[in-house]
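User: Please take a close look at one part of this model, the sheet with a helix packed on it, and then set it beside the other packed and paired elements.

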Amino acid sequence: MLLKFQNHLSAQFPFLQEAKILIAVSGGLDSMVLLDLISKTNIEFGVAHCNFQLRGDESDEDEDFVKSYCKENYVPGFFQKFDTKQFVEDKKVSIQVAARKLRYEWFYELLVTENFDFVATAHHLDDQLETFLINFSRGTGLDGLTGIPSQNDKIIRPLLIFSRAEIETFASENQLKWREDSSNASDKYVRNKIRHHVVPILKELNLSFLASFETTLQHLNQAQSLVDDASRIVYRKVVKDIDNQKIIDLDELLQLSNYQAYLYQWLMPFGFSAWQDINDLVKAQSGKQIFSEHFRLLKDRDTLIIEPKSDVILEEYFIQTNQSELNFPLKLRFYNVSDITISDSKTIFVDADALKFPLKLRKWQEGDYFYPFGMSGKKKLSKFFKDEKFSIIDKENAWLLCSENQIVWLVGKRLDNRFKVNENTQTIIKIQLL
């Protein structure tokens, strides 16, 4: 197994020879075998142990066991206790999710503070199978069946080519010591139920089941690669990246017979999972939207728009008399000038005597109206938006510069006639959006 491991590192992880690795060590069989294998290479490494304090004295004994190993073998060790139960209560997540989040956040902190390059975990081929079956039982796309990646950013998993049986044999032959986790014998968790009751039957039906599964996994990953290639090609035709938005052209999308599959590929990385709602959104009325944790998906006319959720900000900002600039939420500059020069959508000239300070910058509200420059009479902003073909995003991002309750400027778009410079103007203020 050692030779197979070393050949695997050379083929799949050649960069590790020049790297410094942090090994995640629980004290259990798998992690102690990984620790022993890496210790027999020339790779520089350290150990990180998480004590989730979920098994009382047993958790503390696991920590002491790993500490003793590090001390006896002169290995740098890093140890962290987590109040996992409190985290579960505060965040309303499962214990498994909490433990995963806590440990990986800490691992990434150690990469920075202790100058490690990668974190190595002891996931193996049986873990791959169990993950496959869990995802399969819950319903998943192709990506959920492709298994645990051998590398994900800074996380590497060099034992994925080995079965649990190979790991047990190696540990026994090399007289390794490890800690048994009593929770592994329980059927409390789905993974344990699959490990204890489903996998043994599959292995009984096919004595070479793990080898067959490994071949299947390779085929699934090749299929996923084809899907990714097709997704990228169609993406360039259907989706436009503009600033922090991704705009999906529905006319182009709906020409595809399997457009839902492409939506799945594009939206999954943004945390969207309500696929039936997303399919309904494609043909919903404009203005409907769906949210993931950090993004929203908005139906706007003939497009779907993906953009980050915006933070709630103050609705009103004030500009005092003689204030020359405003830097947030927009950058506005104010100048006293003697005459009108070049004017464009981002520059207006107003009659200073018509202004009542402080001026106010705010978002538009239903019922707002103004007297658009170049037009006769007043117009509701909602009608102006419609006539000018403002998208929902455009309307949400619109700011109004107001004098008391009157709109001076739909910023960056249109001046109000009531504040324009005329033959009776004595003082001119130039206002510029930067």
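Analyst: What follows begins with that sheet and its helix, and then turns to a second sheet, a pair of helices and a single loop residue.

The model is a predicted one, and the description below should be read with that in mind. The sheet in question is open and is built from 5 strands, which follow one another in the order β7-β8-β11-β10-β9 with antiparallel pairing. Its edges are formed by β7 (239–242) and β9 (289–291), each of which pairs on one side only. Averaged over the sheet, and with direction ignored, neighbouring strands are turned by 20° against each other. At the β7 edge, 4 bridges link β7 to strand β8 (residues 245–249) in the antiparallel sense, and within this pairing Lys240 stands opposite Ile247 of β8. Helix α9 (residues 209–238) packs on the sheet, where it touches both β7 and β8, and the direction of α9 makes about 70° with that of β7.

The other sheet is likewise described as open, with 4 strands in the order β13-β14-β22-β15 and antiparallel pairing. Here the edge strands, each pairing on one side only, are β13 (325–326) and β15 (347–351). Strand β14 (residues 332–337) and strand β22 (residues 428–433) run antiparallel and are joined by 6 bridges; Phe334 has Ile431 in β22 as its bridge partner.

Turning to helix packing, the axes of helix α4 (residues 84–91) and helix α5 (residues 95–113) come within 9 Å and cross at roughly 110°. Because angles from 65 to 115 degrees count as roughly perpendicular, α4 and α5 are therefore roughly perpendicular to each other. On the α4 side the contact is made by Thr84, Phe87 and Val88, while α5 contributes Ile95, Ala98, Ala99, Lys101 and Leu102. Sorted by class, the residues in this contact of α4 with α5 are 6 nonpolar, 1 polar and 1 charged.

Finally, a single residue in a loop deserves attention. Thr146 lies between α6 (125–138) and β5 (151–152), in the loop that separates them. Its relative accessibility is 11%, so Thr146 counts as buried, the cut-off for that class being under 20%. Leaving aside residues up to four places away in sequence, Thr146 touches Leu217, Leu220, Asn221 and Gln224.

Conventions:
Residues numbered from 1 in each chain as written. Predicted model: local features only at pLDDT ≥ 70, side-chain atom pairs only at ≥ 80, totals over all residues. Heavy atoms only, no water. Helix = DSSP H or I, 4+ residues; strand = E, 2+ residues; numbered from the N terminus. Buried < 20%, exposed > 50% of the residue type's maximum accessible area, 1.4 Å probe, protein only. Contact = heavy atoms within 4.5 Å. Pairing = 2+ DSSP bridges. Axes fitted to C-alpha atoms, helices over the stretch in contact; angles between N-to-C directions. Parallel < 35°, antiparallel > 145°, perpendicular 65-115°, else oblique. Nonpolar A, V, L, I, M, F, W, Y, C, P; charged D, E, K, R; others polar.
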